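Q: Please take a close look at one part of this structure for me. Start from a single residue and work outward, in short steps.

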Amino acid sequence: MLDSALYMIYSPFEILDHRRPILVFGRDGQVGRALQVCLKDLKLPAVFLGRVDCDLACETSIIDVLNCYKPEVIINAAAYTAVDEAEGEYDLAFAINSKAPELMARYIANVAHGIFIHYSTDYVFADTKQDVYSEVDPAGPFEYLNVYGQSKLAGERAIQEVFNLANDFGRVSYANKFARYFILRTSWVYGDGSNFIRTILRLAGERNQLKVVADQVGAPTLAQWLAEVGVRIAGSKVESGIYHAVPDGQISWHGLATFVIETAASFAQDIRVKPENILPIPAIDYPVLARRPYNSRLSNAKLKKALLEMAFINQYPHWKEQVEAYVKMHVSNPSKASKKLI
Ligand SMILES: NC(=O)c1ccc[n+]([C@@H]2O[C@H](COP(=O)([O-])OP(=O)(O)OC[C@H]3O[C@@H](n4cnc5c(N)ncnc54)[C@H](OP(=O)(O)O)[C@@H]3O)[C@@H](O)[C@H]2O)c1
């Protein structure tokens, strides 16, 4: 876990001081809720927008709020995240996951020292590697990604294109070269909202046996940690670019379900299913509309280096410690689960 006490010693959020309020999209999502907690704790002024305040499928709605708040820092935690539904809603998924971040990027690229933080996904990779993916590994191939993955990759590319143009002296004003963007790719997010861990805890109280996919591997990532990573990066002098934002370690869905149930049982949660009755199955036996990658393993080396060197942290989390804390909080007080884990 990141050490909150360090805020008192250093001031890693210097860059964010004396700016206009940070504009956060995706207020009601898992990461958006976590950002509310994080920014409030840090006493950083922020405006949080939900779907009712700004429909990201509507370009004029986005342009209106940008012109209204005139932000210097945008954090985009909103996305079309219904992976299976996206297969039938191509245009909507692309509007929200590609066009909307492009408009945000265009705005920030024209703000001197502007900062754009955008969350993306492991689904931009289509099993081209068996090892971990680094930020320089090519994403795609596009046609092998599901629609959600395609729309998120299109969003990444649109943001990079905007900032690459903005940093070209020939095309825009001098000040814009100081605007920065960060694309934080993450995986298997859990926080205050619907997620795999909550589903497993619910099913474990209802059933004697569970079948869970065992041949897809990734890193469960706590929304609270992702929120804090975003804010720390924004408040530091870290260079623009893509960063893989996942904790240390990897696990399959089956391994994660087993760990969750063993952990919940150790905290005396009433669990019907025994760990040995969580049966491993191949993904092919759990048919879903959108094909998921088998390999969701992202190398976090670049982020770790940046955080340790530039953003004043002295430790980096392992997924196990985050999941353990989350399950403990969930079991002892489900309504507050994930609200205060940092
Ligand atoms: N969840 C994961 O496992 C996962 C994995 C990898 C990457 N990510 C990425 O991490 C980021 C945060 O994910 P999350 O888990 O926090 O997602 P989430 O809980 O599904 O939240 C997404 C938010 O986006 C909002 N949204 C969707 N369509 C919108 C629209 N047309 N206008 C305005 N807002 C809209 C939703 O609003 P409503 O609340 O009104 O529906 C929701 O609050 C996303 O970029 C996602 O792609 C997530």
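A: Helices and strands here are DSSP runs, numbered from the N terminus: a helix is H or I with at least four residues, and a strand is E with at least two. This is a predicted model, in which local features need pLDDT of at least 70 and side-chain atom pairs count only at pLDDT 80 or more, while totals for chains, interfaces and linings use all residues. Residues are numbered from 1 along each chain as its sequence is written, and side-chain values use heavy atoms, with hydrogens and water left out.

Begin with V189. This residue sits in strand β6, residues 189-190. Is V189 buried or exposed? The relative accessible area of V189 is 26%, which makes it partly exposed. Buried means under 20% relative accessible area, exposed means over 50%, and partly exposed is in between (1.4 Å probe, protein chains only).

Now look at what V189 touches. Contact means heavy atoms within 4.5 Å. Set aside the neighbours within four places in sequence, and V189 is in contact with Q30, V31, N195, T221, A223 and L226. By contrast, take Y90. Its C-alpha atom is separated from that of V189 by 23 Å, and the two residues are 99 apart along the chain.

Next comes the sheet. It is open, has six strands and pairs them in parallel. The strand order is β2-β1-β3-β4-β5-β10. Two strands pair if DSSP finds at least two bridges between them. β2 (46-49) and β10 (241-244) are the edge strands; each has a single partner, so one side of each has no neighbour in the sheet. On average, neighbouring strands are turned by 20° against each other, direction ignored.

Look at both edges. At one, four bridges connect β10 with β5 (residues 180-186) in the parallel sense. There, R185 has H244 in β10 as its bridge partner. At the other, β1 and β2 run parallel and are joined by four bridges. F25 is bridged to L49 in β2. F25 also shows how β1 points its residues. F25 and L23 point one way, I22 and V24 point the other way, and all are buried.

Helices pack on this sheet. Angles run from 0 to 180 degrees between N-to-C directions; axes are lines fitted to C-alpha atoms, for helices over the stretch in contact. Helix α2 (residues 30-41) touches β1 (22-25), β2, β3 (73-76) and β4 (115-121). Its direction makes about 160° with that of β2. Helix α4 lies across β1, β3, β4 and β5, at about 155° to β4.

α4 (residues 90-109) also has a helix partner. Its axis and that of α5 (residues 147-166) come within 8 Å and cross at roughly 20°. That makes the two helices roughly parallel. Angles under 35 degrees count as roughly parallel, over 145 as roughly antiparallel, 65 to 115 as roughly perpendicular, and the rest as oblique. The crossing of α4 and α5 is right-handed. A crossing is right-handed if the near helix is turned clockwise from the far one by less than a right angle, and left-handed if anticlockwise. Y90, the residue compared with V189 above, is among the α4 residues in this contact, as are F94 and P101. From α5 come V147, Y148 and F163, among others. By class, the contact has 15 nonpolar, five polar and three charged residues. Nonpolar means Ala, Val, Leu, Ile, Met, Phe, Trp, Tyr, Cys and Pro; charged means Asp, Glu, Lys and Arg; the others, Gly among them, are polar.

Another helix pair is α6 (residues 196-206) with α8 (residues 253-266). Their axes come within 10 Å and cross at roughly 60°. α6 and α8 are therefore oblique. Their crossing is right-handed. F196, I197, I200, L201 and A204 in α6 meet W253, L256, A257, V260, I261 and A264 in α8. This contact has eleven nonpolar, no polar and no charged residues.

Finish with the loops. K43 lies between α2 and β2. It is not a glycine, yet its phi is positive, about 55°. K43 has 72% relative accessibility, so it counts as exposed. P141 is in the loop between β4 and α5. The peptide bond from G140 to P141 is cis, with omega near 0°.
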